[in-house]
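Please walk me through this structure. Keep it brisk, for someone who has not looked at it before.

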Amino acid sequence: MSKVLIIDDDNFICEILKKHLQNHKYDVQIAYTGKSAEQTIKKSNFDLILCDFRLPDTSGLELLQKIRAIKQEIPVVIMTAYADVRMAVKLMKMGASDYITKPIQQEELLSLIKKLVKKEKQPKPQPTHSTYINGDFIIGDSEKIKHVIKLARRVAPTNMSVIIGGETGIGKEYIARFIHENSLRKDKPFVAIDCGAIPKDLANSVLFGHVKGSFTGAISDKDGMFQKAHGGTLFLDEIGNLSYDIQLKLLRAIQERVVSRLGDDKLFQNDIRIIAASNDNLLSEVHNNTFREDLYHRLNEFKIEIPPLRERPEDIDVFVKHFISMANNELNREVKGLTPDAKKIIMEYSWYGNLRELKNVIKRAVLMADGEMLDQFCFPEEITYPQNYDRQNRTETIEIKASDSKLKNASYEIEKQLIIKTIREAGFNKSKAARILNIDRKTLYNKLKLYDIKL
Ligand SMILES: Nc1ncnc2c1ncn2[C@@H]1O[C@H](COP(=O)(O)OP(=O)(O)OP(=O)(O)O)[C@@H](O)[C@H]1O
C-alpha cells in the first residue's frame, strides 16, 4: 500500500483528501505544520508528499528544500490557489514533482498521484481462505453476503443501473467495482465520485466538465466525470447529497445519453453505466422531496442492499484474518491471530462503522501487539467496554477533556459529542439526526468528516 503524507493546516481539506485517498487504498498521514511534517518524514518512508503552498510556520519553498535534504527522490506535489500558480511553477523548477490547484478535484489528484507513485506496493495478502477472489476483495462466509454476490454477478453483465444500499463502511464501493470488473465494460474506466464531498457550486463542473471562462477560476477547458467514465462505469457514492438541479441534469444525461459541459452548448454522446450508493434510505428521501422521484426510478433498475456486519457475524472471522494480514504487511509485523478473549470482544462488538471500522481497529491492534497474538489489551476501551462508552455518550452532561482548555477546542469537543449522541439516538439514521440537529444533511456529513466520526 503506497503511503502519502498530506501537509496542510486546513483540517477540513486534510480530512476530505485523507478519506478519498484511503478509499483508493492509500495509507495516509497528515501533518498540519512544516515542523511536524519534517519530523514525520524523518521517521517514516512515504511514496508521495502532498504539500500546501502556504503553511503557518514555513513556506512551501522552504519546506521543499528541507524535504529534498532529507529524502532526495520522494515525489512532492504542491497544492496551491490559482493566484500562486507562477510560484508553483518556480517550485517545480526547484524540485517539486508537480502542482495542483485548489479547490482540488479529487479525481485529478488521484490520477496525478497514480502517475507519480510508479511502484505500487499494494500488499498481496496470503490467501488464507477460499473466499478470496482477486486482489484484496473477499466475500465472506455468510449466506447473506453470498446472496449479495449472487445478485452482483447476475446484474454485472447487463447495462442496468444499480442502487447499492448499506451502512457506512460496509463495502458499497467494493461491490460497485466488483460489478464493473465482472461486466463487459471491465476494460473501460471505473470512475468513483463521492457526491458528499463535492462543494455544491462545483458539482456541475465536477460531473459534467466546463469550458474556459465559464466561472471564475475556470482557467482551461476541463472534462467532468461523465467524459472520463465514457464507455465504462460511473459510481456515484452518497448520491443523496446532489442538489435538485444537478439531479435533473443527471437524469437528462442518463435518459438522453448526452452531456454538455458547463458554459458549452455542444452536446457530447456518452455511454455510461451508473451505479449509485447511499447510506440512507433514498426512497424516504423521495417521500421527503429531497431526492427526485423520476431519477430514483431511473436508477433503481436493480437494487442491492448490503446487510450490516453485525447481522452476519459468520463473516467477521475471515475479514479479521484478511485485515491482520494487511496490517502485518504494512507494519512489518507477524501477528498470527487472536486470543479467545480478544475473539469474544470482536464478536460481541456492534461494528456500526462496519468493515472500515473493523479494519482500522485491527490495524491499531496489530500495532499494539507485543507478541504473536492479539489480546484484549490491544483494543481501545470503546471496543472492549462498549456499554460504558454508550452510557457515557447518553449522559446529558458532556465531559470535556482536561486538555481541551482552549475555548475553541472545547466547543469543537461539545459539537462532536452532540453529533455522536444524536446519531446514536436517531438509530444511526443520518437524515433523521440532521433534522434533530436542525442542520442539512450535507452539513452533517461535512462535520462527520471534519471530526473523523465513523458512525
Ligand atoms: N469485499 C471486501 N473485501 C475486502 N475489504 C473490503 C471489502 N469491502 C469493504 N472492504 C474494506 O472496507 C473499507 C470500506 O469499504 P467501502 O469504501 O467500499 O465502503 P462504503 O460502504 O462505500 O463506505 P461509505 O458509505 O463510507 O462510502 C474498504 O476501504 C476496505 O478496506
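In strand β10, F235 is the bridge partner of A192. This is a predicted model. The A192 bridge belongs to the pairing of strand β9 (residues 190-194) with β10, which is parallel and runs over five bridges. β10 also pairs with strand β13 (residues 273-278), again in the parallel sense, over four bridges. Here T233 has R273 in β13 as its bridge partner.

How enclosed is β10 (residues 233-237)? Five of its five residues are buried, so the strand is largely enclosed by the rest of the structure. T233, F235 and D237 point one way from β10. L234 and L236 point the other way. Both groups are buried.

**A second set of strands**

Five strands form an open sheet. Their order is β2-β1-β3-β4-β5, and the pairing is parallel. β2 (27-31) and β5 (98-101) stand at the edges. Each has a single partner strand, so one side of each is left without a neighbour in the sheet. From one strand to the next, the twist averages 20°.

The partner of β2 is strand β1 (residues 3-7), and these two pair over five bridges. I7 stands opposite A31 in β2. Helix α3 (residues 60-70) lies across β3 (48-52) and β4 (76-80). The helix runs at about 160° to β3.

The parallel pairs with a stated bridge count are these:

| Strand pair | Sense | Bridges |
|---|---|---|
| β9 and β10 | parallel | five bridges |
| β10 and β13 | parallel | four bridges |
| β1 and β2 | parallel | five bridges |

**The ligand**

Where does the ligand shell draw its residues from? Domain 2 (138-307) and domain 3 (310-384) both give residues to the shell, so the ligand lies between them. In total, 18 residues surround the ligand. The closest are G171, K172, E173, Y174 and L355. Three elements each supply at least two residues of this shell: β7 (137-138), α7 (172-181) and α15 (354-368). By type, the shell divides into six nonpolar, six polar and six charged residues.

**A helix end**

E256 lies in helix α10 (residues 244-256). Is E256 buried or exposed? A residue counts as exposed if 12 or fewer other C-beta atoms lie within 10 Å of its own. E256 has 11 within that distance, so E256 is exposed. E256 and Q269 are 13 residues apart in sequence. In space, the two are 8.8 Å apart, C-alpha to C-alpha.

Key
Residues are numbered from 1 along each chain as its sequence is written. This is a predicted model: local features need pLDDT of at least 70, side-chain atom pairs count only at pLDDT 80 or more; totals for chains, interfaces and linings use all residues. A residue is buried if 20 or more other C-beta atoms lie within 10 Å of its own, exposed if 12 or fewer, and partly exposed in between; C-beta atoms are placed from the backbone. A residue is near a molecule or strand if its C-beta atom, placed from the backbone, lies within 6 Å of it. Ala, Val, Leu, Ile, Met, Phe, Trp, Tyr, Cys and Pro count as nonpolar, Asp, Glu, Lys and Arg as charged, and the others, Gly among them, as polar. Domain bounds come from an automatic or database domain assignment. Two strands pair if DSSP finds at least two bridges between them. Axes are lines fitted to C-alpha atoms, for helices over the stretch in contact, and angles run from 0 to 180 degrees between N-to-C directions. Two residues are in contact if their C-beta atoms, placed from the backbone, lie within 7 Å.
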